[in-house]
Amino acid sequence: MPAKLLTADDRPALRLERRLKHAPEKVWRAITDPGELEHWFPAKVDVELRDGGAIRFTFPGDDKATTGKVVTVDPPREFTFVWNDDTLRWLITPDGDGSLLEFTHTFGRGDPAIARLAAGRTASGWDVCLDALDARLSGRNFEQPKDWHARMASYVEEFGLGFGEVLPDGTIRFRRDLVWKPVDEVRALLPDEPGWHVLQDPLEGTRVEFTEPAPDDVVAELARRHEQLDKLFAATHGVDLPDWTHERVEAAKKHYAERPTQG
């Protein structure tokens with residue numbers, strides 16, 4: 001089941017579910033045992049499996065670990081921990097002869113609007129992790145996907161993360177997450193015109209922001225810039241997108257005509 005983007009206590013949150021043909025006890029071991037986690041989780045994990053225990057993550061190629069805190073250990077039902085101020089909750093319930101795994105990632109740090117921008121790539125990443133988990137539980141080999149752009153672009157569109165906005169002062173603004181792309185590489189892809197800015201945060205990654213005074217035809221300009229940002233995002237992944245179809249342009253214009261002001 002695809003990820004859903006929700007709001008919990010004013011914070012963006014992702015919810016993913018998997019129906020697994022395995023008993024809750026087996027699933028519990030897969031999500032809490034470091035020896036099992038290394039087969040599907042994106043980082044090496046060391047954990048003190050108790051409420052309040054430390055949990056440490058080391059990514060490939062990174063010698064320095066980041067530390068989080070275990071919140072809930074309730075085998076074989078719930079495992080919740082905080083990592084970089086984000087809360088990750090794994091809930092396992094019996095489901096026929098298997099289990100239902102419900103995973104919620106609540107973005108807890110920074111400006112909620114900026115944190116929300118990362119939902120497309122984060123959902124894509126967790127989708128792949130949970131597919132790898134299912135494969136591990138079933139004894140199947142798992143091959144990492146190669147086309148990350150299409151996955152992330154699909155979620156960006158589904159979650160409405162690509163839309164621009166008109167601020168109260170009339171300024172057009174777009175903000176787009178670019179994952180962890182090097183700033184210099186992104187700048188080399190930007191149009192040679194004012195209004196473009198690339199920002200990088202050690203925890204949030206790279207994003208591009210574009211602003212300009214609203215022209216007379218705001219709706220057409222929003223659609224044009226939206227297409228431009230889609231192409232820029234693709235270019236950072238080495239993908240050359242074709243021009244939008246007439247139908248796609250008109251759909252964007254319709255959206256902006258109905259909701260031109262977001263700020």
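Two strands count as paired if DSSP finds at least two bridges between them. Keep that in mind for the close-ups below, which all come from a predicted model.

**View 1. Strands E4 and E5 sit side by side as an antiparallel pair.** There are 4 bridges between E4 and E5, which clears the cut-off of at least two. Look for Ala 54, which stands opposite Lys 69 in E5.

**View 2. A hairpin links E3 and E4.** These two strands run antiparallel and are joined by 4 bridges. Val 45 has Phe 57 of E4 standing opposite. Between the strands come 6 residues, and Gly 52 in this hairpin takes a positive phi near 85°.

**View 3. Step back a little and you get an open sheet of 8 strands.** Read across, the order goes E1-E2-E8-E7-E6-E5-E4-E3, and the pairing is antiparallel. E1 (4–8) and E3 (44–47) are the edge strands, each pairing on one side only. From one strand to the next, the twist averages 25°. Within the sheet, E5 (residues 66–74) and E6 (residues 78–83) share 5 bridges, and Asp 74 has Glu 78 in E6 as its bridge partner.

**View 4. Now add two helices that meet the sheet.** Helix H1 (residues 24–32) packs on the sheet and touches several strands, including E2 and E7; the direction of H1 makes about 160° with that of E7. Helix H4 (residues 119–138) lies across E1, E2, E7 and E8, and runs at about 20° to E2.

**View 5. Asp 95 and Arg 19 meet in a salt bridge.** Their side chains come to 2.9 Å, N to O. Asp 95 belongs to strand E7 and Arg 19 to strand E2, so this pair ties together parts that are 76 residues apart in sequence. Asp 95 is partly exposed, at 30% relative accessibility, while Arg 19 is exposed, at 56%.

**View 6. Here's another salt bridge, with Arg 176 and Asp 230 both buried.** The N to O distance is 2.8 Å. Arg 176 lies in strand E10 (residues 171–177) and Asp 230 in helix H7 (residues 218–235), so the pair ties together parts 54 residues apart in sequence.

**View 7. In helix H8, Lys 254 and Glu 258 are about one helical turn apart.** They are separated by 4 residues in the sequence of H8 (residues 246–258), and their closest N and O atoms are 2.8 Å apart in a salt bridge. Lys 254 is exposed at 51% relative accessibility, and Glu 258 is exposed at 54%.

Definitions and conventions
Residues numbered from 1 in each chain as written. Predicted model: local features only at pLDDT ≥ 70, side-chain atom pairs only at ≥ 80, totals over all residues. Heavy atoms only, no water. Axes fitted to C-alpha atoms, helices over the stretch in contact; angles between N-to-C directions. Contact = heavy atoms within 4.5 Å. Salt bridge = Lys/Arg side-chain N within 4 Å of Asp/Glu carboxyl O. Buried < 20%, exposed > 50% of the residue type's maximum accessible area, 1.4 Å probe, protein only.
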